[in-house]
Protein chains: 2
Amino acid sequence: MRKTFIVVAVVFAMLCPESGGAQEIVEQWERFELSLDGPRTGNPFREVQLSAEFVKGNRKVPADGFYDGNGVYKVRFMPDEPGQWSYRTISKEKALNGKKGNFACVPASGDNHGPVQVADTFHFKYADGKRFYPFGTTLYAWTHQDEGLEKITLQSLANAPFNKVRMCVFPKYYAHAHISNEPGRYPYVLKEKKENADGKVTFSWDFEQFEPGFFQHLEKRIDDLKALGIEADIIIFHPYDKGHWGFDSLGKENDLHYIKYLVARLAAFRNVWWSLANEFDYVKTKPREDWDDYTKAVVKADPYGHLCSIHNGSFYYDNWKPEYTHASIQNGSVVEDFGRAVLLRDVYFRPVVYDEVCYEGDLPQRWGNLSGEEMVKAFWHGTIAGTYVTHGETYSNPGDTIFWAKGGRLIGSSPPRIRFLRDLLEQGPGPLELADPWKDHRVARFNPKRREAVNQSAVRPAGVQGQAAEGVTSGGGSYFLLYFAEQMQTEWAFDLPKKNGPLPGQKFKVEIIDTWNMTITPVPGVFEADVADGYRVFDTKRQKIKLPYRPWLALRITETE
Amino acid sequence: MRKTFIVVAVVFAMLCPESGGAQEIVEQWERFELSLDGPRTGNPFREVQLSAEFVKGNRKVPADGFYDGNGVYKVRFMPDEPGQWSYRTISKEKALNGKKGNFACVPASGDNHGPVQVADTFHFKYADGKRFYPFGTTLYAWTHQDEGLEKITLQSLANAPFNKVRMCVFPKYYAHAHISNEPGRYPYVLKEKKENADGKVTFSWDFEQFEPGFFQHLEKRIDDLKALGIEADIIIFHPYDKGHWGFDSLGKENDLHYIKYLVARLAAFRNVWWSLANEFDYVKTKPREDWDDYTKAVVKADPYGHLCSIHNGSFYYDNWKPEYTHASIQNGSVVEDFGRAVLLRDVYFRPVVYDEVCYEGDLPQRWGNLSGEEMVKAFWHGTIAGTYVTHGETYSNPGDTIFWAKGGRLIGSSPPRIRFLRDLLEQGPGPLELADPWKDHRVARFNPKRREAVNQSAVRPAGVQGQAAEGVTSGGGSYFLLYFAEQMQTEWAFDLPKKNGPLPGQKFKVEIIDTWNMTITPVPGVFEADVADGYRVFDTKRQKIKLPYRPWLALRITETE
């Protein structure tokens with residue numbers, strides 16, 4: 001019955017895509033778009049204000065509009081609730097003011113689970129409650145390439161394990177020829193381009209006029225990612241300009257106009273995350289205190305509360321500030337060994353995504369030459385500690401595109417192993433935490449009780465909301481994941497922490513996981529938790545299991561009926 | 001000339017200790033105290049307000065007074081500048097209002113270096129610029145013991161390497177008989193004490209009336225520590241009451257009165273640090289949001305800006321808040337292995353004192369049974385990472401006092417090794433930092449240039465002041481300390497990081513330090529830094545040195561002329 005309704009609604013929407021310039025039927029968390037004709041004279045980007053109010057019952061949601069060029073103005077909106085919505089535009093321009101209409105929002109269908117949100121203090125879920133475990137990759141300048149390369153990148157992503165992409169709005173200019181390139185589109189109107197006798201190019205821009213085509217292309221690519229089930233972690237500012245275009249040196253007023261324009265265009269895309277900057281502290285043109293203003297401008301303009309973070313170079317920003325939904329951290333050392341990744345999570349008390357931990361590749365720079373094994377180990381260390389890790393690949397590809405910068409084809413050995421880990425996590429009962437965080441750095445568990453502990457007002461920092469228990473995909477039960485990293489041993493005695501550990505009499509099956517060869521081997525027999533002996537829990541018969549003498553093993557320990 | 005003047009001044013001060021109830025000469029950073037007679041009726045603690053304003057030239061410093069019992073009111077003041085100071089009291093009570101006077105402040109002498117302050121973002125110095133490297137110990141309830149035991153504790157401290165003591169204002173009640181005991185003095189007026197048939201004692205207090213004798217005794221002990229050159233890290237609240245006295249359950253209004261009274265009494269003691277709580281999150285009687293109010297009350301009442309922190313149990317407080325001068329952290333795991341201690345320092349961007357890292361002892365609890373080797377290792381890991389570590393001893397002493405709780409005699413093996421490390425640090429050119437913090441976790445160096453880097457406004461968080469270059473005790477020069485912990489090796493090739501490493505042509509001598517056996521063995525010959533090879537710097541002749549195949553070694557690498 002409900003399904004039929006959706007099919008009819010979608011067909012109807014396809015048949016009648018515009019009615020007075022807008023759809024009549026919109027799926028929940030999809031994009032409503034109203035187009036209006038307005039003034040073309042003067043500078044519409046600066047001189048014309050447009051917004052709209054979207055109403056459903058008692059709810060009123062404001063949304064900013066924007067000028068899309070050629071006399072066309074748009075307001076976009078992402079309805080988060082099925083039902084009848086109405087809207088009314090607000091502008092000082094008569095042609096844009098007081099336009100009314102309404103549309104039916106129909107429930108989400110298929111792979112549409114809504115935008116990703118924070119869940120259970122340290123984790124994520126989609127708006128519909130489905131768990132989201134970020135397994136990101138890095139593609140800083142992939143949308144500034146030619147159509148052919150961008151298509152190849154999308155094909156690579158379709159076959160890759162990644163569900164999040166870090167990507168810059170502005171093009172990237174870097175010391176190495178194989179990293180920088182001149183894009184086909186620019187975000188601002190080009191006034192003049194000069195080349196001196198040495199071949200050095202200088203640009204002159206009108207920073208008060210955007211090039212809508214640049215943003216339309218970006219949006220197309222964000223939609224392409226959405227179709228692949230991939231979140232777009234949009235990097236608003238970055239330091240890789242080096243005086244070439246000057247997009248890192250717009251001045252504060254132009255910066256704030258850019259934020260307003262960008263958020264008005266992109267906030268209605270459900271797969272958008274805001275990353276205020278990549279390596280904010282390397283953007284030498286902006287003083288540290290201005291980042292607060294930029295962050296607040298983004299959050300204020302976004303009616304939907306998309307995920308929001310700021311990524312660091314050598315010095316962290318104040319990730320505890322309430323505007324940041326999670327900490328986006330560059331620091332390779334935190335996931336290089338046991339016992340580190342959890343430390344930043346304890347401090348920030350929100351999800352931690354280690355968004356830069358060095359890259360798998362063969363660059364001479366040490367940040368770009370991890371082995372596949374090191375990259376996979378980084379993911380496991382992060383996962384075991386209840387945090388998340390982002391991939392990047394810096395092999396010199398044929399054609400020298402380098403995946404991490406321009407996209408193209410993935411040639412590293414880590415992606416299949418990252419897929420294997422992602423599958424393990426998604427098949428598990430829920431997000432992991434270290435069972436005994438400051439004492440045993442190898443044993444993670446799913447622990448539904450953890451939420452209760454961190455929800456006590458005695459421990460929760462101001463601004464961190466208590467999380468309801470909603471959105472747990474499975475009933476739980478005891479579930480442990482134990483990681484050995486490069487440490488090799490011939491046997492393992494059933495030996496788990498007492499803290500958040502198994503209760504006496506609980507029975508378990510054990511599987512040996514080879515995280516590199518991607519095998520899961522069941523161990524015969526059943527293990528039974530004894531009464532705790534000091535701080536540890538052993539099997540009642542003190543059973544041991546044999547392990548292959550190899551690195552990169554893990555154990556999955558699951559309660560049996 | 002100056003020395004003579006000071007001697008005369010001190011003798012004069014001794015001969016004329018009171019003149020109109022106050023001293024006429026006070027040494028800089030010593031304590032001026034004005035005593036006044038006032039009303040004894042009603043509840044002077046609550047009903048009588050007294051403060052004074054201290055003036056020198058254009059400076060005006062307010063200081064709160066307090067009721068000290070028996071009709072005596074006091075105002076204390078710590079002058080921080082030599083010269084002539086005057087004062088005037090302010091009160092609604094006629095007997096206490098408008099009392100004027102003045103005194104001469106003479107320069108600090110002898111071991112008086114003033115209060116300890118933050119220096120160079122991550123470190124400490126005394127007000128006179130002398131470096132202070134905290135090497136603390138823990139004596140939670142030492143001032144609640146009998147006179148004999150307290151004297152033994154002071155004797156132990158006189159012979160110990162510690163220059164900071166963590167100590168509670170309120171007595172400590174704990175599950176184990178050997179840890180708790182009934183003190184001889186209480187902070188509040190006892191109304192009734194009942195013992196039921198099972199021997200359980202219940203107290204009834206007047207929480208609106210303090211017992212001045214309790215605080216006078218505490219002050220005597222703080223002065224005893226001052227005479228030994230030891231800072232008193234005063235723990236204002238703690239969770240070790242368990243319903244026995246109820247001092248953790250005064251209610252917010254009484255808590256704030258207690259803070260005001262305590263700070264009025266103690267702020268003029270130059271060796272006082274404020275520790276808002278021990279294990280704040282285990283104080284289940286106070287909601288998390290109230291700690292902000294308590295902290296602000298302390299800082300507001302303290303005219304001198306004493307060091308201020310809050311110590312955690314399982315969850316950290318918001319150590320980045322501007323009231324906290326440094327982070328006081330409980331977490332043993334951070335100093336158990338390489339690469340961890342620096343992580344919290346990066347985040348908090350202020351000095352980090354790992355004030356609880358488990359204790360050397362033989363308790364069955366895992367927090368109380370580190371070996372001496374583990375305790376010393378914790379100090380070295382903290383030091384190498386540019387942070388500081390606090391000792392505690394939990395051996396079951398004869399008489400069962402346990403140093404960490406009641407004081408008494410130290411019997412552990414770590415104190416002499418901590419002394420050895422403290423001497424090394426104090427003999428060095430200045431505070432240490434990891435040279436290449438996220439890549440090489442073994443090599444620390446003194447780096448005067450570091451200050452410049454962290455003073456850039458692009459990286460410095462709001463509220464963190466840029467530090468002037470003052471207070472560096474020595475001219476610097478290249479100085480490295482390399483720690484091996486338990487890792488044994490037979491040789492070491494001269495091999496240092498390029499980042500913050502030696503420059504080509506710099507010459508070094510190397511000494512092998514046995515951190516456990518406390519020996520320093522010079523290595524013959526001179527090493528010369530070559531041009532960096534990738535990220536490392538080697539000796540020009542690729543010299544190696546032989547190492548004894550033992551754990552707990554370190555190397556001191558010092559530039560030669």
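Before we start: two strands count as paired if DSSP finds at least two bridges between them. Keep in mind that you're working with a predicted model.

**Exercise 1. Work out the order of the three-stranded open sheet in chain A, and find which strands sit at its edges.**

Step 1. The order is β17-β18-β20 in chain A, and the pairing is parallel.

Step 2. Now look for strands that pair on one side only: these are β17 (327–330) and β20 (388–389) of chain A, the edge strands.

Step 3. Zoom in on one pair. Strand β18 (residues 352–356) of chain A and β20(A) run parallel and share two bridges. In this pairing, Y354(A) faces V389(A) of β20(A).

Step 4. Add the helix. Helix α7 (residues 341–348) of chain A packs on this sheet, where it touches β17 and β18 of chain A. The direction of α7 makes about 125° with that of β18(A).

**Exercise 2. Find out which residues touch the most other members of the largest nonpolar core, then follow Y354(A).**

Step 1. A bit of background: in soluble globular proteins, nonpolar side chains tend to be buried together.

Step 2. The largest nonpolar core here has 112 residues, and Y354(A), W380(A) and Y354(B) touch the most other members.

Step 3. Leave out residues up to four places away in sequence, and Y354(A) still touches a list of residues including I329(A), V334(A), L344(A) and Y388(A). V389(A), which stands opposite Y354(A) in β20(A), is among those contacts too.

**Exercise 3. Is C358(A) buried or exposed, and how does N500(B) count?**

Step 1. Start with C358(A), in the loop between β18 and β19 (360–361) of chain A. Its phi is near 75°, a positive value in a residue other than glycine.

Step 2. Buried means under 20% relative accessible area. C358(A) has 10%, so this residue is buried.

Step 3. Go on to N500(B), in the loop between β26 (495–497) and β27 (507–514) of chain B. Phi is positive here as well, near 55°. With 31% relative accessibility, N500(B) counts as partly exposed.

**Exercise 4. Trace the open sheet of seven strands in chain B.**

Step 1. Read off the order: β1-β7-β6-β3-β4-β5-β2 of chain B, with mixed pairing.

Step 2. Why is one side of β1 and of β2 left without a neighbour? β1 (25–27) and β2 (32–37) of chain B are at the edges and have a single partner strand each, so each has one side with no neighbour in the sheet. On average, neighbouring strands are turned by 30° against each other, direction ignored.

Step 3. Check one edge. β1(B) and β7 (residues 100–106) of chain B run parallel and are joined by three bridges; V26(B) has C105(B) in β7(B) as its bridge partner.

Step 4. Finish with helix α5 (residues 252–266) of chain B, which lies across β4 (59–67) and β5 (72–77) of chain B, at about 115° to β4(B).

**Exercise 5. Describe how chain A and chain B are related and how they meet.**

Step 1. A turn of 180° and a shift of 0.0 Å along the axis lay chain A on chain B with an RMSD of 0.0 Å. That's the relation of a two-fold axis. In chain A, R340(A) has the C-alpha nearest this axis, 2.8 Å away.

Step 2. At the interface, 46 residues of chain A contact 47 residues of chain B. About 3900 Å² is buried between the two chains, with carbon and sulfur atoms giving 60%. On the chain A side, F315(A), R366(A) and W438(A) lose the most area to chain B, together 20% of what that side buries.

Definitions and conventions: Residues numbered from 1 in each chain as written. Chains lettered and ligands numbered in written order. Predicted model: local features only at pLDDT ≥ 70, side-chain atom pairs only at ≥ 80, totals over all residues. Heavy atoms only, no water. Helix = DSSP H or I, 4+ residues; strand = E, 2+ residues; numbered from the N terminus. Axes fitted to C-alpha atoms, helices over the stretch in contact; angles between N-to-C directions. Contact = heavy atoms within 4.5 Å. Least-squares fit on C-alpha atoms with pLDDT ≥ 70 in both. Core = buried A, V, L, I, M, F, W, Y, C linked by side-chain atoms within 4.5 Å. Buried < 20%, exposed > 50% of the residue type's maximum accessible area, 1.4 Å probe, protein only. Buried area = accessible area lost by both parts, 1.4 Å probe.
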